[in-house]
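Me: I have a model open and want to go through it with you. Can we start with the pocket?

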Amino acid sequence: QILKGFRLLNDFLLEIPIYWIRYSNRLTEEIVKTTFDLLSSDLNDEINAFLLLALIDPKLTWFKKWMHPYYGRREITRFLKQNPSLVAFTVGQC
């Protein structure tokens, strides 16, 4: 069940950059913040959301699509500058 939910999340993450130009900056910022908050959360001691999404999309296709348009790239870099612990966590997972 949980993998089905993460597959839907991955589908959403792949499609959302197409529509960012239509969204306000505030909404784009909220989507980025909420997504990274979710990915940095632990589901239990051994599994976290980042690992489950990596099982579904091991090449981080969604992240590449997010970083392509200016709207997404701006919000992601702003968020990651404010949260260096998330960068350290992500690099630690590699």
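Me: Which residues line the largest pocket?

Reply: This is a predicted model. In it, the lining of the largest pocket is made up of F36, L39, F50, L60, W62, F63, L80, L86, V87, F89, T90 and V91.

Me: And which elements give two or more residues to that lining?

Reply: Those are α2, α4 and α6, the last of which spans 84-93. The biggest contribution is from α6, with five residues.

Me: How much space lies in there?

Reply: The largest pocket holds about 200 Å³.

Me: L60 is on the lining list. Where is L60 found?

Reply: L60 sits in the loop between α3 and α4. Its phi is near 50 degrees, which is a positive value in a residue other than glycine. Most residues other than glycine have a negative phi.

Me: Is L60 buried or exposed, or something in between?

Reply: Partly exposed, at 32% relative accessibility. The cut-offs are under 20% for buried and over 50% for exposed, so a value of 32% falls in between.

Me: F36 is on that list too. What is F36 in contact with, leaving aside neighbours within four places in sequence?

Reply: W62, F63, W66, I76, F79 and L86. F36 also belongs to the largest nonpolar core, where it is one of the residues with the most contacts, along with F6, V32, W62 and W66.

Me: How many residues are in that core, and which elements supply at least two each?

Reply: The core has 19 residues. At least two come from each of α1 (2-19), α2 (25-39), α3, α4 (61-67) and α5. The largest share, five residues, is from α1. As background, nonpolar side chains tend to be buried together in soluble globular proteins.

Me: Back to α3. Which of its residues are buried?

Reply: In α3, residues 49-56, the buried ones are A49, F50, L52, L53 and I56. Looking down the axis of α3, they fall within an arc of 165 degrees, so they line one face of the helix.

Me: Why would spacing like that put residues on one side of a helix?

Reply: An α-helix has 3.6 residues a turn, so residues three or four places apart point the same way.

Me: What caps the N-terminal end of α3?

Reply: N48 does, with a side-chain oxygen 3.2 Å from the backbone nitrogen of F50.

Me: Now α5. Is E75 buried or exposed?

Reply: E75, which is found in helix α5, counts as buried at 2% relative accessibility.

Me: What does the side chain of E75 make a polar contact with?

Reply: The side chain of R74, at 3.2 Å. Apart from neighbours within four places in sequence, E75 is in contact with N25, T28, E29 and V32.

Me: And Q82, buried or exposed?

Reply: Q82 is exposed, with a relative accessible area of 56%. It lies in helix α5, residues 70-82.

Me: How far is Q82 from L13?

Reply: They are 69 residues apart in sequence and 21 Å apart in space, C-alpha to C-alpha.

Me: What about T35, which touches L13? Buried or exposed?

Reply: T35 lies in helix α2 and counts as buried, at 7% relative accessibility. Besides L13, T35 touches W66, not counting residues up to four places away in sequence.

Conventions
Residues are numbered from 1 along each chain as its sequence is written. This is a predicted model: local features need pLDDT of at least 70, side-chain atom pairs count only at pLDDT 80 or more; totals for chains, interfaces and linings use all residues. Side-chain values use heavy atoms; hydrogens and water are left out. Buried means under 20% relative accessible area, exposed over 50%, partly exposed in between (1.4 Å probe, protein chains only). Helices (H or I, at least four residues) and strands (E, at least two) are DSSP runs, numbered from the N terminus. The arc is that of the directions from the helix axis to the C-beta atoms. A polar contact is a pair of N or O atoms within 3.5 Å; within protein, one must be able to donate a hydrogen and the other to accept it, and residues adjacent in sequence count only if both atoms are side-chain atoms. A nonpolar core is a set of buried Ala, Val, Leu, Ile, Met, Phe, Trp, Tyr and Cys residues joined through side-chain atoms within 4.5 Å. Contact means heavy atoms within 4.5 Å. On a 1 Å grid over the protein atoms alone, a cavity is a set of points where a 1.4 Å probe fits but cannot get out, and a pocket is an open set with protein on both sides within 12 Å along at least five of seven lines; lining residues have an atom within 4 Å of a point. Grid points are joined across faces, edges and corners, and a volume is the space filled by probe spheres set on the points.
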